[in-house]
Amino acid sequence: MNAPVAPEIAELEEQERRLTLPRFTHDDAWALGTLLVELAREREAPVAIDIRRGGQQLFHAALPGSTPDNDAWIDRKRRVVERYGCSSLLVGSRFRAKGTTFEESSRLDPDTYAAHGGAFPITVTDTGVIGTVVVSGLPQVEDHKMVVEALEKFLGA
């Protein structure tokens, strides 16, 4: 079976524009996190889920089959969103579109940063990026798609 193909850069950028929230509270983090857990359980996905606002972790779950390695991937992907202000998949796709890779050209430590799909910015209207939502445990495009699907459901989009 072939790995899923990553969306085009324009589609990834459109997702970020469309998936902007009017606000993001502690209760919103709980609702989004439990929605992601429900999606993952329905699919028996062995993922870990992390939601942060600023430097504070507001939600974390590790489902059956996930490992401590997933938490390390969460941290590396989250740092990419915090640094670039856009999804980790979009960052990696932009490097590939230039004929290189994030690891070759970013000048960032790959043990600290990973431009692999699954980390998405939490963006609040008229405020900007205020946090991250991250899934780790599936192939990178599937991690990304799960986050997008949850945000769409959360927003009723």
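Which side chain of opposite charge is nearest to R76, and how far away is it? The legends below take up this residue, then other parts of a predicted model.

**View 1. R76, a buried arginine without a salt bridge.** R76 sits in helix α3, which covers residues 68-84. The nearest side chain of opposite charge is D111, 5.6 Å away. A salt bridge needs a side-chain nitrogen within 4 Å of a carboxyl oxygen. R76 is buried, yet has no such bridge. Leaving aside residues up to four places away in sequence, R76 touches P110, D111, T112, Y113 and A114.

**View 2. Helix α4 and its cover.** Helix α4 spans residues 88-97. Because 7 of its 10 residues are buried, α4 is largely enclosed by the rest of the structure. The buried residues of α4 are S88, L89, L90, V91, G92, S93 and F95. Their cover includes four helices and a strand: α1 (9-18), α3, α5 (102-105), α6 (140-155) and β4 (119-124).

**View 3. G99, just after α4.** G99 follows closely on the helix. Its phi is positive, at about 80°.

**View 4. E44 in the loop between α2 and β2.** Helix α2 (26-43) comes before this loop, and strand β2 (48-53) follows. Is E44 buried or exposed? E44 has a relative accessible area of 72%. The cut-off for exposed is over 50%, so E44 counts as exposed. P64 lies 20 residues from E44 in sequence. In space, the two are 8.2 Å apart, C-alpha to C-alpha.

**View 5. The whole chain, for orientation.** The protein chain has 6 helices and 5 strands. From the N terminus, their order is α-β-α-β-β-α-α-α-β-β-α. The C-alpha trace spans about 40 × 40 × 30 Å along its principal axes. The radius of gyration is 14 Å; a compact globule of 157 residues would have one near 15 Å, so the two agree. Of the 157 residues, 46% are buried. Among contacts between residues at least 6 apart in sequence, 67% join residues at least 24 apart.

**View 6. Surface and charge of the protein chain.** The chain exposes about 7,900 Å². Carbon and sulfur atoms supply 49% of this area. The chain carries 18 positive and 24 negative charges. The mean positions of the two sets are 4 Å apart.

Conventions:
Residues numbered from 1 in each chain as written. Predicted model: local features only at pLDDT ≥ 70, side-chain atom pairs only at ≥ 80, totals over all residues. Heavy atoms only, no water. Helix = DSSP H or I, 4+ residues; strand = E, 2+ residues; numbered from the N terminus. Buried < 20%, exposed > 50% of the residue type's maximum accessible area, 1.4 Å probe, protein only. Rg over C-alpha atoms; globule rule 2.2 N^0.38 Å. Contact = heavy atoms within 4.5 Å. Areas by Shrake-Rupley, 256 points an atom, 1.4 Å probe, with all protein chains shown as cover. Lys, Arg positive; Asp, Glu negative; His and termini not counted. Charge placed at Lys NZ, Arg CZ, Asp CG, Glu CD.
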